[in-house]
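Student: Before we accept any label in this entry, I would like to go through the reasoning behind each one. Could we take the labels in turn and set the values against the cut-offs?

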Amino acid sequence: MSGGAAAAADGFPADLADLHLLVGSYTATGGGNATGISVVHGSTATTVAVMDDPSFLALSGDRVYAVSETADGSVSAFRYAGGSLEHRWDADAGGDAPCHVRVDPSGSLVVTNYVSGTVTAVSLEAAESYAASVTASDGVVGAHGSADRVVVPEPAVVTGVLPDVEGPVEDRQEGPHAHQSIATPDGTVLVADLGGDALHEFRVTAEPAIDLVRVHHLGPGVGPRHMAWLGAGAGAGAGGAAGLGAGGGLAAGSGAGDARGSDPGSAADLVVAGELDGRVYRLRRDESGTLRPIASAPVFDGEVGESLLSHVEVDQAGRVVVAVRGRDLVVVLDTADDGLTVVGSTSCGGVWPRHFAQVPGYLLVANQMSDAIAVLPVGEDGVPGEAVAQIAVGSPACIVPVPEGARS
């Protein structure tokens, strides 16, 4: 378990005094208590962009991308400088309730839309070029939600539709639900379909274009939500998003190095959190290219009920870290010998852990129903200890650590 950490006079860990985060949240539109995107400096959060339900963010260079998880959803781009956000442009998300956004190595912004079961690619080159041309002509970039905002034209946006399938969990699997995308070591994109118990593999190009490559099926009622690469493919998901988990790749402190339990010469394994069945899965490609489970493990005892897995990442030592809503836990699993074994679990430090981020020595947990980010120290065994501090943020849903080079 974790050891103690020196604290400042206000009780906040002294070694996190320079903590710098971007936080996406739910606003009143989605039943939340935030007003938009927040920036955290140390232990203090400030709203820097007012928008509806910016539930997921991605950071790439000085650009911040945020979904608006609403009906007829959208995605917005901002320039981040000096702790503030300058709105640049908006694009149609291509569906209802966009819940994840990621910068893809292809040069496209990939957005997954939960309710409509669609995935959209936005050409970043076309979007930035169009925004620059509008700015050059009138000298103004509209505030978010204003009438003179820059909207990316349709040719720069393309949308793919997941197959219309159903699963056995009637109230959650009445149709396809695209939840997250992640880049693969093979240059393709995987989209987790919670409603269809499948991972859809696409080839995304910068034109933009989306072409289906294959579909990887999981067991009935798994409900795949979030994914992370283990071992040789761990760097694949970063996709230009500053190496941060919220952008679809690695969080700070979770890398490809020293991936315990995986052969450095072997193909990458994919870790999948089953939101609906309470299990974590480890998948590996077979000779046909199909991802097949080689191990799985329940992350808690007893009936699943209302216990829903949310975010999953791999830490620097190759352990799997997953959050469980309902039971309000963070669970750590060992990956030795091609398996998955629970090492330990701890309280998430609040209620309804929707997301988390790793920073050196700590796990930061976005507890949506607690209106706070819990700060959990992490010990040598990878299992977090009890929360040592709380950062007040309304209905946090996504945490992106900002690296030093992106803070100016």
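Student: In which loop is E174 found?

Tutor: In this predicted model, E174 sits in the loop that runs between β11 (157-161) and β12 (178-183).

Student: Why is E174 called partly exposed?

Tutor: The relative accessible area of E174 is 43%, and the label covers values between the limit for buried, under 20%, and the limit for exposed, over 50%; E174 is therefore partly exposed.

Student: What makes E174 part of a patch, and which charge does the patch carry?

Tutor: The patch is one of negative charge on the surface, where E174 gathers with D164, E166, E170, D171 and E306. Membership requires over 30% relative accessible area and no salt bridge, with like charges joined within 9 Å, and the 43% of E174 satisfies the requirement on area.

Student: How do you know that R149 and D90 form a salt bridge?

Tutor: The cut-off is a side-chain nitrogen of Lys or Arg within 4 Å of a carboxyl oxygen of Asp or Glu, and the N to O distance between the side chains of R149 and D90 is 2.4 Å, so the pair qualifies. R149 lies in the loop between α1 (124-138) and β11, whereas D90 belongs to strand β7 (residues 84-92), so the bridge ties together parts that are 59 residues apart in sequence. Side chains of opposite charge can pair when their charged atoms come close.

Student: Why do R149 and D90 get different burial labels?

Tutor: R149 has a relative accessible area of 36% and is partly exposed, whereas D90, at 2%, counts as buried, because buried means under 20%.

Student: What makes R285 and E201 a salt bridge?

Tutor: Their side chains meet at 2.7 Å, N to O, which is within the 4 Å limit, so the label applies. R285 lies in strand β18 (residues 279-285) and E201 in strand β14 (residues 198-205), so this pair ties together parts that are 84 residues apart in sequence. R285 is partly exposed at 21%, while E201 is buried at 1%.

Student: How do you know that R282 and D338 still qualify as a salt bridge?

Tutor: The N to O distance between their side chains is 3.7 Å, and since the limit is within 4 Å, the pair is counted. The bridge links distant parts of the chain, with R282 in strand β18 and D338 in the loop between β22 (329-334) and β23 (341-347), 56 residues apart. R282 counts as buried at 0% relative accessibility, and D338 is partly exposed at 33%.

Student: How many salt bridges does the structure hold, and which residues are linked in a network of them?

Tutor: There are 18 salt bridges in the structure, and R172, R225, E275 and R325 are linked in a network of such bridges.

Student: Why is the pairing of Q358 with E313 called a polar contact?

Tutor: The side chains of Q358 and E313 are joined at 2.7 Å, and the label asks for a pair of N or O atoms within 3.5 Å, so the distance meets the cut-off. Q358 is placed in strand β24 (residues 353-359) and E313 in strand β20 (residues 308-314); the C-alpha atoms of the two residues, 45 residues apart along the chain, are separated by 8.8 Å.

Student: Are Q358 and E313 buried or exposed?

Tutor: Q358 has 9% relative accessibility and E313 has a relative accessible area of 3%; since buried means under 20%, both residues count as buried.

Notes. Residues numbered from 1 in each chain as written. Predicted model: local features only at pLDDT ≥ 70, side-chain atom pairs only at ≥ 80, totals over all residues. Heavy atoms only, no water. Patch = residues over 30% accessible without salt bridge, like charges linked within 9 Å, V, L, I, M, F, W, Y side chains within 5 Å. Areas by Shrake-Rupley, 256 points an atom, 1.4 Å probe, with all protein chains shown as cover. Lys, Arg positive; Asp, Glu negative; His and termini not counted. Charge placed at Lys NZ, Arg CZ, Asp CG, Glu CD. Helix = DSSP H or I, 4+ residues; strand = E, 2+ residues; numbered from the N terminus. Buried < 20%, exposed > 50% of the residue type's maximum accessible area, 1.4 Å probe, protein only. Polar contact = N/O pair within 3.5 Å; in protein donor to acceptor, adjacent residues only side chain to side chain.
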